[in-house]
Amino acid sequence: MANPAAAIEHHGHTPTTTGLDHRKVAIWAFIGSECMLFASLISTYLIYKGRSVTGPFPHEVCSPPVCDHVMKPILNIPVTSVSTFVLLMSSLAMVLALAAVENADKPKHSLSEKILGSSKLWLFMTALLGTTFLGFQAFEFTSFVHEGLTIRTNLFGSSFFTLTGFHGAHVTAGVLWLVTLLAIDIRRGLKPKDAVIVDIAALYWHFVDVVWIAIFTLVYLIH
Amino acid sequence: MAHDSAADHVTHSDHVAMGEVKEHPTWSTYWKVAVILTLITACEVWIYYIPSFVAGHLFVPTLLILSAAKFAIVVMFYMHLRYDHKLFRALFTGPLIIAMVTIVALLFLFGHLAIHAT
């Protein structure tokens, strides 16, 4: 059996009966509970889907007398596809940031090794891509309001803004978390012993990504 | 009676030695996964713009399968669930299964899958 003091030194956490870091167990339990939250929001959206009595509608044209004037389908698939790609790439940047922290002590000789091994660069890229995604969401929400869809317009508006708004709030929290990690990295540098704190943030970030994978298909593509 | 607390504890190294935890993938694996995710997303958007496919019965199942594949790839490779301890797998898949069953049950009760008495 390994010495517990050595475990603290090498793995950055106190010894436990399972040998697993409590913080990692906690974040997985939290992510499990978040699955329930988003399941309730997604099921609400799906139940109300197609039951709006007035437009605008997500995929269908709304014509008089249902609407005062002709309203085109409101969802903008090309823009959302780009924002989905941006969020997927942020997950890549996040996992590269974690790998960089885990391998921070290894010598880096070539330029590519230095780029791949820069945790500051990848944390910054993740936060930047997350912010870009939020920018796309702000653009989408603003254009919807200009076209006459608010959270009070119809069942689609209520369930859509609630679902994507909750997801956007999670992305915002994730960006703030990443900026905090970046500040720590700039201030004192993240070492392999800090990998678990980056790992926890990464798990949260990837979860936000997988939730969007489900939302993109269920809300935007299926009709 | 003296209690040796060290004897009760298991370390990360022990889990690796017992094969319960594997080393994380390399940078090249992460890049390959990103390419696969991008291709699947492109495929999803592409089939959205094929009217004959959208009108067919395979449109929704295809999108659901592609989405599930992306979900599983991110969870397995980026969240390291394929490599980490089975307790983490249980903490995630347990609630995920409950969540999915809840969605399906609610759709049967109130949604488009509801069976209405005539």
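In chain A of this predicted model, the axes of helix α5 (residues 119-146) and α6(A) approach within 9 Å and cross at roughly 155°. Axes are lines fitted to C-alpha atoms, for helices over the stretch in contact, and angles run from 0 to 180 degrees between N-to-C directions. Because angles over 145 degrees count as roughly antiparallel, those under 35 as roughly parallel, those from 65 to 115 as roughly perpendicular and the rest as oblique, α5(A) is roughly antiparallel to α6(A). α5(A) passes α6(A) in a left-handed crossing, a term applied if the near helix is turned anticlockwise from the far one by less than a right angle, and replaced by right-handed if clockwise. Residues of α5(A) in this contact include A:L123, A:F124, A:A127, A:G130, A:T131 and A:L134, and among those of α6(A) are A:G168, A:V171, A:V175, A:L178 and A:L182. Contact requires that the C-beta atoms of two residues, placed from the backbone, lie within 7 Å. By class, the contact of α5(A) with α6(A) has 12 nonpolar, nine polar and two charged residues, where Ala, Val, Leu, Ile, Met, Phe, Trp, Tyr, Cys and Pro count as nonpolar, Asp, Glu, Lys and Arg as charged, and the others, Gly among them, as polar.

Helix α6(A), residues 155-188, also packs against helix α2(A), residues 22-48, with axes that come within 9 Å and cross at roughly 160°. α2(A) and α6(A) are therefore roughly antiparallel to each other, and α2(A) passes α6(A) in a left-handed crossing. On the α2(A) side the contact is formed by A:L41, A:I42, A:T44, A:Y45 and A:Y48; the partners in α6(A) include A:F156, A:F160, A:L163 and A:F166. Nine nonpolar, three polar and no charged residues make up the contact of α2(A) with α6(A).

The loop between α2 and α3 (77-102) of chain A contains A:P56, and the peptide bond from A:G55 to A:P56 is cis, with omega near 0°. A:P65 is found in the loop between α2 and α3 of chain A, and the peptide bond from A:P64 to A:P65 is likewise cis, with omega near 10°.

In chain B, α5(B) has 20 residues and reaches 28 Å from its first C-alpha to its last, close to the 28 Å expected at 1.5 Å a residue; the expected span is 1.5 Å times one less than the number of residues. B:L63, B:S67, B:K70, B:V74, B:V75, B:F77 and B:Y78 of α5(B) are buried, that is, 20 or more other C-beta atoms lie within 10 Å of their own (12 or fewer for exposed, partly exposed in between; C-beta atoms placed from the backbone). The buried residues of α5(B) pack against α3 and α7 (195-221) of chain A together with α3 of chain B. Just after α5(B), B:H80 takes a positive phi of about 65°. B:H80 lies in the loop between α5 and α6 of chain B and counts as buried, with 22 C-beta neighbours inside 10 Å.

Between the chains, 45 residues of chain B are in contact with 46 residues of chain A. α1 (5-8), α2 (12-17), α3 (27-48), α5 (59-78) and α6 (86-110) of chain B each supply at least two residues of the side of chain B that touches chain A, and α6(B) gives the most, with 14 residues. The residues of this side divide into 29 nonpolar, 12 polar and four charged. Helices (H or I, at least four residues) and strands (E, at least two) are DSSP runs, numbered from the N terminus.

Residues are numbered from 1 along each chain as its sequence is written, with chains lettered from A and ligands numbered from 1 in the order in which they are written. Local features of the predicted model need pLDDT of at least 70 and side-chain atom pairs count only at pLDDT 80 or more, whereas totals for chains, interfaces and linings use all residues.
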